[in-house]
Number of protein chains: 2
Amino acid sequence: MSDFMFQRMALIGIGLLGSSIALAARQRGLVDHIAITTRSEATLHRAEELGLGDSYHINSVDAVKDADLIIVCTPVGACEAVAKAIAPHLQPGAIVTDVGSVKASVVRQMQPHLPGNVHFVPSHPIAGTEHSGPDAGFAELFINRWCILTPPEGTDEVAVETLHAFWTALGSNVEMMDPHHHDNVLAITSHLPHLIAYNIVGTASDLELVTNSEVIKYSAGGFRDFTRLAASDPTMWRDVFLHNKEAALEMLGRFSEDLTALQRAIRWEDGDKLFELFSRTRSIRRSIIDAGQEVDVSDFGRHLRDGETHAKTLNRDDHEYTGS
Amino acid sequence: MSDFMFQRMALIGIGLLGSSIALAARQRGLVDHIAITTRSEATLHRAEELGLGDSYHINSVDAVKDADLIIVCTPVGACEAVAKAIAPHLQPGAIVTDVGSVKASVVRQMQPHLPGNVHFVPSHPIAGTEHSGPDAGFAELFINRWCILTPPEGTDEVAVETLHAFWTALGSNVEMMDPHHHDNVLAITSHLPHLIAYNIVGTASDLELVTNSEVIKYSAGGFRDFTRLAASDPTMWRDVFLHNKEAALEMLGRFSEDLTALQRAIRWEDGDKLFELFSRTRSIRRSIIDAGQEVDVSDFGRHLRDGETHAKTLNRDDHEYTGS
């Protein structure tokens, strides 16, 4: 009896998430064999060069054969095709999960095709960086990050507990959620922020009045903060908005409504209204830092990397500017 | 003959910018005496506790007396009142500058009140953090950041060169610009990003469907990136939008127009349009990193501060995710 949590883990798709899972699971000794499959020969070859797995398969069917854990790490738009392709070849009792940023759509796409003798437990590890591809992965990605599980009604308890234990072993804090509520929560905490970031970077690059080189040169004024999210994987994000359409449109509608009110306050020089909003948004960052979901380093610690150090900015409370 | 660049530097306002100038100028030995004045007794007392200057004055008149460099470090809305108050007490030949984030308005507010025998050279150091107040300052704030000077027509060349040398000595790269062009450039690189950040944090905190604690808990999905800008000083930013109204409204109009087009693309499931935007915004971050205005550290190096390290994320090029 081996003490691995799983004998064979099949990773379908080997981008930032897939490669990070491979590295973390291997580092923590959670799986015996890691089978990697991806549609792109170049990516599969790169994964092999990086030594991310034990076997590499261009056909997903070969990867899932005899696997007791299958993790779909593709853009969410590919989930249905993947489910159809692997369904007939799944081992009874296998746990099938994913890492998609939307959950209701993934359930809609995959569940109808999966046999009743496998356990389907969708996952969403809320972790990532602006980098993508198999080179982007690192074993620490999931540490102290949340992972949301959205098991359908009546899913086998033991299977859910086992997957829960797997994510916990990777360093995540695990939560259970209804898939529709998940999609609303992520629409505001992740999807809308990415859409806004992509949009402002697009607006800036289209200006005639201000050149792109000026935008780049003077980006330290705030613009550069948006460029991190706007450098995220285009395929993944296209699929997120196509598959979480309703929630994204709802949050976007509220955002635009609020922005129009702010625009009116500027036009009519309503300083009190601006001050009120600018003041109440301040405390949220402190709460995020206190919740351990952000680092308490001034300016994201950029100055610490500019060849200078100033310990003062570390773990310092915020102070009000009282003007002159 | 002393080898100080200035004998007496008067700082009017001692928040993040004022305190950073004080620390940097002292560290680099650019000034002999630092006179600090601010309207708030508490702030003035705190500045004295921190030992930021050599003399502390509740009345700006006492600070500017015999000063050969006067730097107004107040929110831009206070510039005209400051100019009126200090004008009769300025030493002939003194250089008067500021650190305001808008320039045309500062020129409009101050120039009419200043005597012809002083040199008025507005400055805008494009540097800052989300922290404010006299405790927030640090000597390295200006290193490798741009500082834009907007001297009015016919300003004394020597005075401009002297101030240029002062900012260079603080670590800045100095540029000359027309005040109106400055206001357009900053509207897109700094003012609009702050407005968007304040707005989305406001929208998120007003939701009924998703609780604030969920927003905070799952903010690592992207939302937290916006909270840094939304934690900036409310008084300073209220004044920025009241004093750069036209340019801010112009950029906001373009942003909203583009966002509406994006909303339509989501509603009509135009994946190609989404993919096109999400792809072309990607290169801008790389340009900003190459321009030395951003650090090339994945996820702002947050993982490096989570008690884990992964050298792989340092100075790594971006890799395309090729899907599965």
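This report walks through the symmetry, an unusual backbone angle and the salt bridges of a predicted two-chain model.

Some ground rules first. Residues count from 1 along each chain as its sequence is written, and chains are lettered from A in the order in which they are written. Because the model is predicted, local features need pLDDT of at least 70 and side-chain atom pairs count only at pLDDT 80 or more, while totals for chains, interfaces and linings use all residues; side-chain values use heavy atoms, with hydrogens and water left out.

**How the copies relate**

A turn of 180° with a shift of 0.0 Å along the axis lays chain B on chain A with an RMSD of 0.0 Å (least-squares superposition on the C-alpha atoms of residues with pLDDT of at least 70 in both copies). The two copies are thus related as by a two-fold rotation axis. Within chain B, B:Phe300 has the C-alpha nearest the axis, 3.0 Å from it. Both copies use the same surface: 100% of the contact residues of chain B recur in chain A, where contact means heavy atoms within 4.5 Å.

**A positive phi**

Most residues other than glycine have a negative phi. A:Asp66 goes the other way, with a positive phi of about 65°, and sits in the loop between α3 (60-64) and β4 (69-72) of chain A. Helices (H or I, at least four residues) and strands (E, at least two) are DSSP runs, numbered from the N terminus. A:Asp66 is partly exposed at 48% relative accessibility; here buried means under 20% relative accessible area, exposed over 50%, and partly exposed in between (1.4 Å probe, protein chains only). In chain B, phi of B:Asp66 is likewise positive, near 65°, and B:Asp66 counts as partly exposed at 47%.

**Salt bridges**

Over all chains, the structure holds 38 salt bridges, each a side-chain nitrogen of Lys or Arg within 4 Å of a carboxyl oxygen of Asp or Glu. Here are some of them:

| Pair | N to O distance |
|---|---|
| A:Glu208 and B:Arg254 | 3.1 Å |
| B:Asp239 and B:Arg238 | 3.0 Å |
| B:Arg286 and B:Asp290 | 3.9 Å |

Which of these residues join two chains? A:Glu208 lies in the loop between α7 (179-205) and α8 (212-217) of chain A and B:Arg254 in helix α11 (residues 245-267) of chain B, so this pair does. A:Glu208 is exposed at 59%, whereas B:Arg254 is partly exposed at 25%.

B:Asp239 is buried at 6%, and B:Arg238 is partly exposed at 22%. B:Arg286 and B:Asp290 share helix α13 (residues 282-290) of chain B, four residues apart, about one turn of the helix.

Finally, a network of salt bridges links A:Glu130, A:Arg228, B:Arg224, B:Asp225, B:Arg285, B:Glu294 and B:Asp299.
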